[in-house]
Amino acid sequence: METPGSQSSLHRANLERVVRAVRMAGSLTQAEIARTTGLSAATVSNIVRELKEGGTVEVTPTSAGGRRARSVSLSGDAGIVIGVDFGHTHLRVAVGNLAHQVLAEEAEPLDVDASSAQGFDRAEELVSRLIEATGVDRSKIAGVGLGVPGPIDLESGTLGSSAILPGWIGTRPAEELRGRLGVPVHVDNDANLGALGEMVWGSGRGVRDLAYIKVASGVGAGLVINGRIYRGPGGTAGEIGHITLDESGPVCRCGNRGCLETFTAARYVLPLLQPSHGPDLTVEGVVRLARDGDPGCRRVIADVGRHIGSGVANLCNLLNPSRVVLGGDLAEAGELVLGPIRESVSRYAIPSAARQLTVLPGALGGRAEVLGALALALSEMGDSTLLDGTLTAAAPAFT
């Protein structure tokens with residue numbers, strides 16, 4: 001048993017600090033590990049050597065600033081994580097290793113309005129199929145990240161009543177999937193996972209404070225403050241879609257009038273164009289037509305951008321993020337929507353906050369949420385379990 005404050009407990013703590021830094025970043029040079037952890041270069045060098053000998057990390061030659069360096073990442077066979085993303089019309093699953101490499105990924109259409117049980121059946125089948133395709137032993141699963149398009153009550157794990165999945169209200173998604181897969185499952189809403197995905201792999205890399213705005217069947221924001229997702233005490237932080245823009249506006253699904261969502265979400269926007277463009281029009285179709293010069297579609301996208309910008313301006317005044325990343329199908333419109341967002345921010349945000357803000361489209365497209373689910377699973381797994389499994393002769397299975 002290690003005594004708190006002893007040399008052995010300090011060494012163990014330093015091991016965990018290094019493993020945690022590498023796990024969260026995917027790969028780091030030894031100099032970056034030293035800066036991230038605050039440990040000396042000599043201490044980092046010794047710890048990396050020990051972890052490499054124990055099979056916890058892999059070290060490969062690289063370059064940094066024009067100089068030779070060594071890149072440290074967790075061992076590719078140390079374990080795997082799984083990401084599951086439920087959307088309003090799709091299911092996407094990805095399998096990745098602890099070095100942030102995606103080993104397999106697949107998406108399929110799914111009408112999750114019908115039954116939550118059917119959705120979980122399909123998820124279980126798809127997870128099994130991808131694990132079999134990668135040839136990885138199921139005992140190597142360290143955890144699962146699960147995304148749903150609605151708020152999760154942090155205390156009970158229950159999907160909230162304002163979710164876009166009416167057949168899922170009151171269910172406990174993490175508990176349900178954990179019972180099927182037999183491994184730890186961590187759940188969050190799709191906007192938070194989009195923020196995680198873009199922060200680790202996409203347009204939010206290197207930023208400590210950002211907002212990820214997703215406009216789809218609803219409108220939500222994933223908020224990153226000082227490098228961590230901010231959920232609020234009840235798990236409902238980031239419901240930007242329910243900022244009131246017009247007290248006399250359309251009735252929202254939340255019961256209020258004139259919410260941002262009623263001016264920007266697909267269910268409200270598409271009917272504006274369907275009389276002239278047909279009943280089968282989709283957001284992807286609107287974006288495509290707008291990029292081709294259709295005046296009606298361009299006008300609607302610009303209006304949506306201005307409304308989103310009003311919500312973003314509120315975020316700027318309250319939280320002062322340095323970057324806003326726009327996700328969802330609408331992001332494919334590029335400057336047709338980003339320009340009006342910036343115009344509204346410039347008009348309604350306090351000047352100092354507006355000057356510091358960068359507005360970018362997401363880099364991951366429809367993959368942002370499932371990659372964020374992988375990042376969630378990576379962030380929640382314990383470093384002590386990983387070390388105990390690789391520093392002993394016989395590595396136990398992840399539990």
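This briefing covers one sheet, the helices packed on it, and the nonpolar cores. The model is predicted. It contains an open sheet of five strands with mixed pairing. The largest nonpolar core has 44 residues, and another core of 40 residues lies apart from it.

**The sheet**
- The strand order is 6-5-4-7-8.
- Strand 6 (102–109) and strand 8 (185–189) stand at the edges, and each has a single partner strand, so one side of each lacks a neighbour in the sheet.
- From one strand to the next, the twist averages 15 degrees.
- Strand 5 (residues 90–97) pairs with strand 6 in the antiparallel sense, over seven bridges.
- Leucine 91 stands opposite glutamate 108 of strand 6.

**Helices on the sheet**
- Helix 4 (residues 116–134) lies across strand 4 (80–86), strand 5, strand 6 and strand 7 (141–148).
- Helix 4 runs at about 150 degrees to strand 6.
- Helix 6 (residues 190–201) also packs on the sheet, where it touches strand 7 and strand 8.
- The direction of helix 6 makes about 100 degrees with that of strand 8.

**The nonpolar cores**
- In the largest core, Ile33, Leu51, Val72, Val81, Leu98, Leu196 and Leu210 touch the most other members.
- Elements giving two or more residues to this core include helix 1 (7–25), strand 2 (57–64), helix 6 and helix 13 (368–380).
- Helix 13 supplies the largest share, nine residues.
- Beyond its neighbours within four places in sequence, leucine 196 contacts Ile229, Gly372, Ala375 and Leu376.
- The separate core of 40 residues includes Ile240, Val269, Val286 and Ala313.

Conventions. Residues are numbered from 1 along each chain as its sequence is written. This is a predicted model: local features need pLDDT of at least 70, side-chain atom pairs count only at pLDDT 80 or more; totals for chains, interfaces and linings use all residues. Side-chain values use heavy atoms; hydrogens and water are left out. Two strands pair if DSSP finds at least two bridges between them. Helices (H or I, at least four residues) and strands (E, at least two) are DSSP runs, numbered from the N terminus. Axes are lines fitted to C-alpha atoms, for helices over the stretch in contact, and angles run from 0 to 180 degrees between N-to-C directions. Contact means heavy atoms within 4.5 Å. A nonpolar core is a set of buried Ala, Val, Leu, Ile, Met, Phe, Trp, Tyr and Cys residues joined through side-chain atoms within 4.5 Å. Buried means under 20% relative accessible area, exposed over 50%, partly exposed in between (1.4 Å probe, protein chains only).
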